[in-house]
Amino acid sequence: MMSPPFSIVFLMTILGDRKAMSEWISIYQAANSLEAHMLKGALEVAGIRVQLRGEALAGALGELPANAIEVMLLVKPRDLESARRLLARYQQDEQPAWYCSQCGEHNADSFEICWQCGHEPAHPHEG
Ligand SMILES: [Zn+2]
């Protein structure tokens, strides 16, 4: 009974990892540097390494304000799934809350009417 060629499998795993290490996949186009850094922070807290691309352009162009530059977020292939899930959750959280036009109270998006005065939002959200 022959033992399986562990060394070859091991070598392929290393090479595969090395290849993955050098690959970054763009996952999200942030509207500006601020959003990019916020998302980068959120992902890194979850243990996902993030690279930003596009910021260098801002420095090169000089005059353009930082918030006018779109920044691409890149993650490693192995982090792609969890990063997508995190970003999806982030975007759900981003559902705009609304302010009551009657009393100015801040309401979560899920509230159909103002929890403070019962007023309906001026622009009912979809969904
Ligand atoms: Zn109200």
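A residue counts as buried if 20 or more other C-beta atoms lie within 10 Å of its own, as exposed if 12 or fewer do, and as partly exposed in between, with C-beta atoms placed from the backbone. The model is a predicted one, so to speak of local features takes a pLDDT of at least 70, side-chain atom pairs count only at pLDDT 80 or more, and totals for chains, interfaces and linings use all residues. Numbering starts from 1 along each chain as its sequence is written.

Take helix 2 to begin with. Helices (H or I, at least four residues) and strands (E, at least two) are DSSP runs, numbered from the N terminus. Helix 2 covers residues 33–45, and its end C-alpha atoms sit 18 Å apart, which agrees with the 18 Å expected for 13 residues at 1.5 Å a residue (the expected span is 1.5 Å times one less than the number of residues). Ala-36, Leu-39, Lys-40 and Leu-43 are its buried residues. They line one face of the helix, because they fall within an arc of 105° seen down the axis, the arc being that of the directions from the helix axis to the C-beta atoms. Turned away from that buried side are the exposed Leu-34, Gly-41 and Val-45. Just past helix 2, Gly-47 has a positive phi of about 85°.

Then there is the sheet. It is open, with three antiparallel strands in the order 1-3-2; two strands pair if DSSP finds at least two bridges between them. Strand 1 (25–30) and strand 2 (50–53) are the edges, each pairing on one side only. Five bridges join strand 1 to strand 3 (residues 71–75), and Tyr-28 stands opposite Leu-73 in strand 3.
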